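Here is a short report on salt bridges and strand pairing in one protein chain. Please read it with the structure open.

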Amino acid sequence: MVIVITIAILLGKRDRKREAKEQAEKKKDMLETNPKQAVIQYLDNIRHISEYTFIDVKLNKSSYDCLFLSRKGLFIIYVLANEGIVNGDVNEENWLNKTHDEYVLKNPMFSNKRDIEDLSNVSTLRTDIYSLTVFTRASEVNVINGYEEYQAVKLSELKQLIDTYPDAIDENDLVIYYNNIVNGSSEEEL
């Protein structure tokens, strides 16, 4: 009887290890093939009930990978699947992306000022709108002169970054901003 129980325990451990390995492979595959979905899942795992995530939103002429509305503010999130080390300056047009080679990466934050203005017109929120660029596969992100409004971060550091912002929006306003964004994006489809 003891031998049967021991074998069952060992088989159970082996199955759990295999399942963990399969989960890790699925996560890696998602980061490579669908980085936007990886960010959305990450946000869904960290959000509170009253927070909202919008996907592929188009407002005015601006298109966003993801919008995250929380008590901390409204976050415009651009998703990039670059590998390696990303170095740059918020104010420079080009950044450097080092993998086994080095190549120039267009600064994803260059059009953010216009995107923030378009979003503030739809949401009626004039402040507490932030633009984040999330690198799902980068090993390191070094962006110089990061302003509070414009940040670049690895996916694994996104929650820590969002937590640094103070609560700025009350529950009632969250609902109002949510409705404004939904109505603004559905008008674009007409």
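E171 is partly exposed, with a relative accessible area of 36%. The model behind this value is predicted. The side chain of E171 meets that of R71 in a salt bridge, at 3.2 Å from N to O. The two ends of this pair lie in distant parts of the chain, 100 residues apart. E171 belongs to helix 5 (residues 171-189). R71 sits in the loop between strand 2 and strand 3. R71 is also partly exposed, its relative accessible area being 29%.

Next comes K72. Is K72 buried or exposed? K72 counts as buried, because its relative accessibility of 16% falls under the 20% cut-off. K72 forms a salt bridge with D167, and their closest N and O atoms are 3.5 Å apart. This pair, too, links distant parts of the chain, with the two positions 95 residues apart in numbering. K72 is in the loop between strand 2 and strand 3, while D167 is in the loop between helix 4 (158-164) and helix 5. D167 is partly exposed at 49% relative accessible area. Salt bridges link R71, K72, D167 and E171 in a network.

A further pair joins E93 to K106, with the closest N and O atoms 3.1 Å apart. E93 is in the loop between strand 3 and strand 4, and K106 is in strand 5 (residues 102-106), 13 residues apart. E93 counts as partly exposed at 43% relative accessibility. K106 is exposed, because its relative accessible area of 54% is over the 50% cut-off. The full count is nine salt bridges. Side chains of opposite charge can pair when their charged atoms come close.

The loops on either side of strand 3 lead to the strand itself. Strand 3 covers residues 73-89 and is mostly covered, with 12 of its 17 residues buried. The table lists its pairings.

| Partner of strand 3 | Sense | Bridges |
|---|---|---|
| Strand 2 (residues 62-70) | antiparallel | five |
| Strand 4 (residues 94-98) | antiparallel | three |
| Strand 6 (residues 129-144) | parallel | 14 |

Individual positions show the register. In the pairing with strand 2, L69 stands opposite L74 of strand 3. For strand 4, N87 stands opposite L96. For strand 6, the bridge partner of E83 is R137.

How many residues lie between the strands of each hairpin? Strand 2 and strand 3 form a hairpin with two residues between them. Strand 3 and strand 4 form a hairpin with four residues between them. The loop between strand 2 and strand 3 holds R71, and K72 is in that loop as well. E93 is in the loop between strand 3 and strand 4. In a regular strand the side chains alternate between the two faces of the sheet.

One helix closes the report. Helix 2 (residues 35-46) has 12 residues. From its first C-alpha to its last, helix 2 reaches 17 Å, close to the 16 Å expected at 1.5 Å a residue. Which residues of helix 2 are buried? They are P35, A38, V39, I40, Y42 and L43.

How values were computed. Residues numbered from 1 in each chain as written. Predicted model: local features only at pLDDT ≥ 70, side-chain atom pairs only at ≥ 80, totals over all residues. Heavy atoms only, no water. Buried < 20%, exposed > 50% of the residue type's maximum accessible area, 1.4 Å probe, protein only. Pairing = 2+ DSSP bridges. Salt bridge = Lys/Arg side-chain N within 4 Å of Asp/Glu carboxyl O. Expected span 1.5 Å × (residues − 1).
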